[in-house]
Amino acid sequence: MSEAVRPILQTTIQERETVAESDAGFLWDFWYPALRSTEVRGNRLAKAMLLEVPLVLGRTSEGAAFAMRDSCPHRGIPLSYGRFDGQTLECSYHGWKFEACTGRCVEIPSLTSQDKLKVERIFAGHYPCEERDGYFWVYMSSGERVAAATRGETNRGGEGGAGPSPTGAALGIAAAPRLATFSEKYRITHLACELPAHVDQGIIGLMDPAHGPFVHQSWYWRSRHSIHEKEKKFEPIPNGFRMSPHTPSSNSAPYRMLQKYTGEPVTTTIDFVLPNIRTEEIRSGKLWFSSRATVTPVRRDLCRIDFVAAWNLLLPVAIFRVFAKKFLRQDQETMILQAEGLKHNPRLMLIDDADRPAKWYFGLKANLLESRRMGMAMVHPMSGPVTLHWRS
C-alpha cells in the first residue's frame with residue numbers, strides 16, 4: 001500500500017468508527033467491568049462484549065489479566081476459538097500467534113524465508129485490563145478501537161501496523177475502580193442482571209429516587225402507604241454528583257434496625273460518577289456497608305447491572321443475596337416492561353425535582369463529549385450545592 005493511500009484509508013476508518021460510537025451513544029475512554037473473575041480459570045479463554053466490541057479475556061501463566069478484541073486481524077475469525085498457552089494466543093484459522101498482554105504478532109506459520117513481512121509490526125486489537133473486586137475491568141479506549149481497525153486494514157496491503165497498544169500506565173490512565181472498604185475483615189458478594197435497554201435508560205433508572213414505593217414494595221423495605229416528602233442535598237464532584245451525607249429514609253426498615261442495634265446515627269452517602277457508577281456508603285458507629293452498581297453497556301439495546309457489596313455487619317451473605325436478588329429482579333422486570341413501550345420511540349419527559357439527577361447525567365455526558373471535541377475543560381452542569389424535594 002502506498003504512503004499516499006494509507007492516510008486516506010486511516011482517516012476514513014477513523015471517521016467511520018467515530019460515527020458508529022456517536023450513533024450508539026456510548027462513552028469511550030473509561031473502565032468497564034467485562035465479566036466476573038470466576039469466569040476465567042487456568043488457560044481457559046472467556047468471551048465478553050462491551051460497547052458492542054467483542055472481547056476475549058484471560059490470564060497469563062503469571063496471573064496477569066488481558067483483554068483483546070476477539071478478532072484476528074488476518075481474516076477476522078474470533079481469537080477465542082484458538083489456543084492459549086499461557087503467553088500467546090494462536091488463531092485457529094492459520095496459526096498466527098499474538099502476545100496476550102500486548103497483542104503483538106510473534107509468528108505467522110505460512111511465511112517463508114523469501115517473505116519480508118515484519119511480523120512484529122502486526123498487532124491484534126488490545127485493551128488495558130485489570131482485576132478489581134472480583135471483576136475483569138477493561139479500559140475501552142476509542143483510540144485503541146480505531147488503531148486496531150487501522151492496523152487490520154493496512155495489514156491487508158502487506159504493511160505492518162502502527163505499533164503496540166500502550167499499557168494503561170503508559171497512557172496515564174488511573175487504576176480501575178475499587179470498592180471502598182473500611183475494615184480488614186468483611187463479607188463481599190456480587191450480583192448481576194441484564195436489562196433490555198440502552199445504557200442511558202438503565203442509568204437514569206438506577207438513580208431514580210421516586211420508583212421505590214411502586215417497584216420495590218415489600219414489608220422489609222417500603223410500601224405506597226409510606227410515601228412522604230423528602231429533602232436531599234446534592235453537590236457537584238468531578239465527573240458526577242453526590243447526595244451529601246444524610247440520615248437514610250425513615251420508611252426503610254433495615255436502616256431503623258441498624259440504628260437500633262448500634263445506638264448511633266446512621267448516615268448514607270451516594271455518589272454517581274461517569275460513565276456509569278453509583279456508589280453508596282452507609283455508616284453507623286464501627287459498622288459499615290459499601291456498594292457499587294455499574295450499568296454496563298453491552299449493546300445499544302442491552303445493558304447489565306453489575307452489583308458488588310461489602311460489609312462488616314452481622315448479616316450473612318446468603319440472607320443478603322436473597323433480598324438483593326429480589327430487588328434487582330424487580331428493576332429488571334420493570335425495564336422489560338419499559339422496553340416494550342420504548343420500541344415505538346415515544347416522546348418522553350423529565351420533571352423536577354425527582355428527575356433532576358437524570359438531567360444532570362445527560363448534562364454531564366453531553367458536556368464531557370463537547371469538552372473532548374473542543375479540547376477544553378469540561379463544564380459541570382451543576383453550579384454548586386442544590387437541595388431537591390420529592391415524595392417517595
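Reader: Why is Val322 called exposed?
Author: The relative accessibility of Val322 is 55%. Exposed means over 50%, so Val322 counts as exposed. The model is a predicted one.

Reader: Where does Val322 lie, and which residues make a nonpolar surface patch with Val322?
Author: Val322 lies in helix H6, residues 317-342. Ile319 and Phe323 join Val322 in a nonpolar patch of about 260 Å² on the surface.

Reader: What makes Glu130 and Arg132 a salt bridge?
Author: Their closest N and O atoms are 3.2 Å apart. The cut-off is 4 Å, between a side-chain nitrogen of Lys or Arg and a carboxyl oxygen of Asp or Glu. The pair therefore counts as a salt bridge.

Reader: How do you know whether Glu130 is buried or partly exposed?
Author: Glu130 has 22% relative accessibility. Buried means under 20%, and partly exposed runs from there to 50%. Glu130 therefore counts as partly exposed.

Reader: And why is Arg132 called buried?
Author: The value for Arg132 is 17% relative accessibility. The limit for buried is under 20%, so Arg132 counts as buried.

Reader: What is the N to O distance between Asp301 and Arg299, and how exposed are they?
Author: Their side chains meet in a salt bridge at 2.9 Å, N to O. Asp301 has a relative accessible area of 42%. Arg299 has 35%. Partly exposed lies between 20% and 50%, so Asp301 is partly exposed, and so is Arg299.

Reader: What makes Arg373 and Glu370 a salt bridge, and how are they placed in helix H7?
Author: The N to O value is 2.8 Å, and the rule asks for within 4 Å. In helix H7, residues 356-374, Arg373 and Glu370 are three residues apart, so about one helical turn separates them. An α-helix has 3.6 residues a turn, so residues three or four places apart point the same way.

Reader: Why is Arg373 called exposed, and Glu370 partly exposed?
Author: Arg373 has 60% relative accessibility, so Arg373 counts as exposed. Glu370 has 37%, so Glu370 counts as partly exposed. The dividing value is 50%.

Reader: Which residues do shared salt bridges join into one network, and how many salt bridges does the rule count?
Author: Glu90, Lys97 and Glu107 are joined into one network by salt bridges that share partners. The count comes to 16 salt bridges.

Reader: What makes helix H3 mostly covered?
Author: Six of the eight residues of H3, residues 199-206, are buried. They are Val199, Asp200, Gln201, Gly202, Ile203 and Ile204. The elements they pack against include strands S12, S15, S17 and S18. Helices H6 and H7 are also among them.

Reader: Why is Thr269 called buried, and what does Thr269 touch?
Author: Thr269, in strand S15, has a relative accessible area of 17%. Buried means under 20%, so Thr269 is buried. Beyond residues up to four places away in sequence, Thr269 touches Arg242, Met243, Pro245, Thr279, Glu280 and Glu281.

Reader: Which residues have the most contacts inside the largest nonpolar core?
Author: Leu57, Val138 and Met140 do, in a core of 61 residues. Val138 touches, among others, Phe30, Trp31, Leu50, Leu57 and Cys129. A second, separate core has 16 residues, including Val56, Phe84, Ile108 and Val119. In soluble globular proteins, nonpolar side chains tend to be buried together.

Notes:
Residues numbered from 1 in each chain as written. Predicted model: local features only at pLDDT ≥ 70, side-chain atom pairs only at ≥ 80, totals over all residues. Heavy atoms only, no water. Patch = residues over 30% accessible without salt bridge, like charges linked within 9 Å, V, L, I, M, F, W, Y side chains within 5 Å. Areas by Shrake-Rupley, 256 points an atom, 1.4 Å probe, with all protein chains shown as cover. Helix = DSSP H or I, 4+ residues; strand = E, 2+ residues; numbered from the N terminus. Buried < 20%, exposed > 50% of the residue type's maximum accessible area, 1.4 Å probe, protein only. Contact = heavy atoms within 4.5 Å. Core = buried A, V, L, I, M, F, W, Y, C linked by side-chain atoms within 4.5 Å.
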